[in-house]
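Visitor: Could you take a close look at one part of this model with me? I'd like to see how the pieces pack, and then what lies elsewhere in the chain.

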Amino acid sequence: MFSDKKAFQESFKKRLEQSYSISFQDSTRAQQFVTLSNMVREHISSEWIETNERYRKGNKQVYYLSIEFLLGRLLGQNLINLGLYETLETWLADLNIPLDELEEIEPDAALGNGGLGRLAACFLDSLASLNLPGHGCGIRYKHGLFEQKMVDGFQMELPENWLRYGYVWEVRKSDLSVDVPFWGSVDVIERKEGTKFRHVDAEYVRAVPHDMPVVGYGGETINTLRLWSAEMSTMTPMHDVLKYKRETEAISEFLYPDDSNDEGKILRLKQQYFLVSASIRSILRRFLSNGGELKELHKHVAIHINDTHPVLAIPELMRLLLDEYQLSWDEAWHITERTFAYTNHTTLSEALERWPIRIFKPLLPRIFMIVEEINERFCKRLWEEYPGEWGRIEKMAIVANGEVRMAHLAIAGSHSINGVAWLHTEILKNREMNDFYQFQPEKFNNKTNGITHRRWLLKANPELTSLLTETIGDGFQKDAAELSKLAPYADDSAFLQKLWDVKTKRKEILAKRIFEQNGVKVDPSSIFDVQVKRLHAYKRQLLNVLHILALYNKVKADSSYQMAPRTFIFGAKASPGYFYAKRIIKLIHSVADLVNNDPATKGLITVVFMENYRVSLAEDIIPAADISEQISTASKEASGTGNMKFMMNGAITMGTLDGANVEILEQTGPDNIFIFGLKAEEVMSYDKEGGYRSMDYYHHDPLIRRTLDQLVDGTLDDKGLFGVIYDSLLGENDQYFVLKDFESYRKTQEEAGRIYAEDQARWRKMMVNNISGSGIFSSDRTIKEYAKEIWNI
Ligand code: CR1
């Protein structure tokens, strides 16, 4: 289909006309996009079949269970991985169709919130590109992450609709549906062979799989992402059918429904069980139909639990082995514990899931019985290890105080527990999960996150990709470790000039987009200083915006103050119920209004907030960045992955020693990164022992005082909008150490600006050292470690 230009063009036109009954001349970009994508999907079908055949012959399979997969767009990436991008670009251009316009039509598949979901997407790409048998299991939410619309600086949330053209990449497989039971009760049947349990009077929800091809680089391996959608089951009687339909379909309607009330909580728990029950049963079915022996399951199947959301997979596998396949508890547990591995992604307590028994037990009666039994046996083992230590055992229990603690269940039921960056894993081992680490140290390990360089370099930055290819050859495209070959070019002035030109070109492209979207003119020769990520207090967008306001004050107060012109670029969605985060978004807009419209700072400081941050927008922003803001309160950001994307695109990190920044520093060395602020141990010891008083910083630093006062004195608004932020810093003693780190941040920013303006040769060299040191952050490296050390594939 794609081997001959004429044949392709004819087939493309013909298919378009046949599918839409429209002449080729009159067809729309959307119709062209759908036609082309369908052709690509059909093109890979034989490789997809072939991959599955290969897997049937006995390799160990990995299943990556995740409540989020933040895929973004697939057309361009699939073409790159298939090696077809450039060919089709010219063939389509002949038909007057710019390929990039077709790519722009594709809605982002935004089935995730942020880092955790994007990591899952990068992992799928790496698994397939390394020809490893690893598949995703997730939920086919009808609506992905909300679309952010800014109205007068306030965030509005609109429902997202990625399925509007139908979804070209998926294949619906109704014949492989499974029915998932909720509610009802458990019948206990005493038999000669022992006690049997049966879940009765359940309400069933049908899980219908939709398979998506995951195209590996080179096109040899096409893995599968199986997404389940919830539909009515024929196993439930027809009374009150409307209510039943509504409640059923709600399960796969939205990503993370609001769970601030019980109704939302029930829905969330339903989603979790829905995902794991359908996935585990389809995994077992496939395993058994290939002739697998259940007692050997763990030797042929590895199941990974991405954060605690899919943790019910553990009792679900137990349930199947016990109730449906009649294994003994000990046999079932032996298999289960060796099959599962769990990744922790955060130590923030609000993200550690606990489910109230009053909700859990009635919704999932049999699963709850099994969880209780797991807990009893687990506590018994603890008792043997720590006789008499009630306090410790209660702290470690899986069920306690009326709640099921999902992380504890994950630890007890997995053979491997990993953090996502060196520092994060150390904090897990030595603090957050220290009791568990003492009990079973061999289970704990680190797997520093990574990003797929195929999307974040080859796809997002073709300009840099060609420059690198002409400089060090194309080996890095397959193996990102080869980026290290760039190191000698840090002193090659001809190369440095070309690198600078590429960066400038990407800044011009972004500047154009900013003008179109925001109506703000930004100067591509200014420093592009970028912070894009979810809005959260610990990520400290507030520190960034307060620094901008302080800088503005400095320039206003002293017209001779020298600074390199800067464009501060933000992108962030705030969780709809997170009032404080939304207020910070408003603050960024108010500061932008003040600064962008003041002739005194015109051309020196520009502030831009780009609406609706998402994967496809990130692909435009990241290649254009000079400075990458990674300024979380040390110890709070588990890893970060944006930091790695920026580094690979030649931006210099402005960061705290938090998450993977620590390892970025290891790669770049101290001269190629801007590090500031408290260290993790310092933050943790203040957290524990106190001793920090934000008010002192307010009193002793006139710049801080002046800047904070502007939050409440009418400079930014006259409705008291920012009192809540002022109070969080002073009244509530600044939980995230914004004021404590402020001066160190300000000075480091000043230093960065000075180098950029006065020592551009040095800056260019820093860029090279970042790119050449970034290969280790390819998710290929991460996945190879998971494969070898956790999954044993
Ligand atoms: C972490 O906050 C990390 C990603 C992926 C996030 C971020 O630092 O890079 O996971 N955690 O590991 C998260 O979303 C619910 O927890």
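**A crossing, and beyond**

Guide: Happily! Helices α1 and α2 cross in a right-handed way (the near helix is turned clockwise from the far one; anticlockwise by less than a right angle would be left-handed). Please keep in mind that this is a predicted model, where local features need pLDDT of at least 70 and side-chain atom pairs count only at pLDDT 80 or more, while totals for chains, interfaces and linings use all residues. Residues are numbered from 1 along each chain as its sequence is written. Helices (H or I, at least four residues) and strands (E, at least two) are DSSP runs numbered from the N terminus.

The axes of α1 (residues 5–20) and α2 (residues 29–43) come within 10 Å and cross at roughly 115°; these axes are lines fitted to C-alpha atoms over the stretch in contact, with angles from 0 to 180 degrees between N-to-C directions. On the α1 side, Phe12, Arg15, Leu16, Ser19 and Tyr20 make the contact, and they meet Gln31, Gln32, Thr35, Leu36 and Met39 of α2 (contact: C-beta atoms, placed from the backbone, within 7 Å). Sorted by class, this contact has 5 nonpolar, 4 polar and 1 charged residues (Ala, Val, Leu, Ile, Met, Phe, Trp, Tyr, Cys and Pro are nonpolar, Asp, Glu, Lys and Arg charged, the others, Gly among them, polar).

Further along the chain is α22 (residues 493–518), a helix of 26 residues that reaches 36 Å from its first C-alpha to its last, close to the 38 Å expected (1.5 Å times one less than the number of residues). Its buried residues are Phe495, Leu499, Val502, Lys503, Arg506, Lys507, Leu510, Ala511 and Ile514 (buried: 20 or more other C-beta atoms, placed from the backbone, within 10 Å of its own; exposed: 12 or fewer; partly exposed: in between). An α-helix has 3.6 residues a turn, so residues three or four places apart point the same way. The cover over the buried residues of α22 includes α20 (462–472), β20 (527–532), β22 (605–609), α25 (615–621) and α33 (760–772). Just after α22, Gly519 has a positive phi of about 65°.

Thr336 makes a good last stop. Thr336 belongs to α12 (residues 329–339) and is buried because 25 other C-beta atoms lie within 10 Å. Beyond its neighbours within four places in sequence, Thr336 contacts Ile314, Leu317, Met318 and Gly413. Ala302 is 34 residues from Thr336 in sequence, and their C-alpha atoms are 9.8 Å apart.

Note on methods:
Contact = placed C-beta atoms within 7 Å.
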